Amino acid sequence: EACCDCTEEEDGTGCSANPECDQIVCPLDSWCCNNQWDYICANGANNICNAADYWSWESNYDDYDYSWYDDSYYPGDSGTDGSCCDCTGESYGPGCNAVCDNEVCPLDSYCCNNQWDSICA
């Protein structure tokens, strides 16, 4: 539970309670480690913490509602398909591949609910 201790705003940079969370959140939002651990950083940490129980590459996708995906993309039966290295460009549809969706979408649901934009990439 790398980020469960980091769900509150702090005056300083990074999460003082658990620096391991910095390694997860700060590459996605450098403000958190360069300026202040604000409510956006704390919310990202909370999303990671809440997702920890089911967030793994071994997930059974049949247990989740993927009705928001268009017909051209479905994460498939295996949570080990793909890599985030395959997801560095924008696309018009939601999601990219099962592995990268597991990494990015708990932090930014827009990426899997709407469009894989430049922020997701």
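Is Glu103 buried, exposed or partly exposed? The legends below take up this residue and several others in a predicted model.

**Figure 1. Glu103 in helix α4.** Glu103 is partly exposed, because its relative accessible area is 33%, and partly exposed covers the range between the 20% limit for buried and the 50% limit for exposed. The helix that holds Glu103 is α4. Cys84 lies 19 residues away from Glu103 in sequence. In space, the C-alpha atoms of Glu103 and Cys84 are 8.2 Å apart.

**Figure 2. Asn97 in the loop between α3 and α4.** The loop that contains Asn97 leads to α4, which spans residues 98–104. Asn97 has a relative accessible area of 9%, and it therefore counts as buried, since the limit is under 20%. The side chain of Asn97 reaches the backbone nitrogen of Cys100, at a distance of 2.9 Å.

**Figure 3. The largest nonpolar core of the protein.** This core is made of 12 residues. Its cysteines are Cys3, Cys6, Cys15, Cys21, Cys26, Cys32 and Cys41. The other members are Val25, Trp37, Ala42, Ala45 and Ile48. Two helices, α1 (19–25) and α3 (39–51), each supply at least two residues of the core. Helix α3 gives the most, with 4 residues. Apart from this core lies another one, of 8 residues. Among the residues of that other core are Cys87, Cys105, Trp116 and Cys120.

**Figure 4. Ala45 and its contacts.** Ala45 is one of the residues of the largest nonpolar core. Neighbours within four places in sequence are left aside in this view. The residues then in contact with Ala45 are Cys3, Cys6, Thr7, Cys21, Val25 and Trp37. Several of these residues also belong to the core, including Cys3, Cys6, Cys21, Val25 and Trp37.

**Figure 5. The whole protein, for orientation.** The secondary structure consists of 5 helices and 0 strands. Along the sequence this gives the pattern α-α-α-α-α. The protein has 121 residues, and 38% of them count as buried. Its accessible surface is about 7000 Å², and carbon and sulfur atoms account for 45% of that surface. Among contacts between residues at least 6 apart in sequence, 36% join residues at least 24 apart.

Definitions and conventions:
Residues numbered from 1 in each chain as written. Predicted model: local features only at pLDDT ≥ 70, side-chain atom pairs only at ≥ 80, totals over all residues. Heavy atoms only, no water. Core = buried A, V, L, I, M, F, W, Y, C linked by side-chain atoms within 4.5 Å. Buried < 20%, exposed > 50% of the residue type's maximum accessible area, 1.4 Å probe, protein only. Contact = heavy atoms within 4.5 Å. Polar contact = N/O pair within 3.5 Å; in protein donor to acceptor, adjacent residues only side chain to side chain. Areas by Shrake-Rupley, 256 points an atom, 1.4 Å probe, with all protein chains shown as cover.
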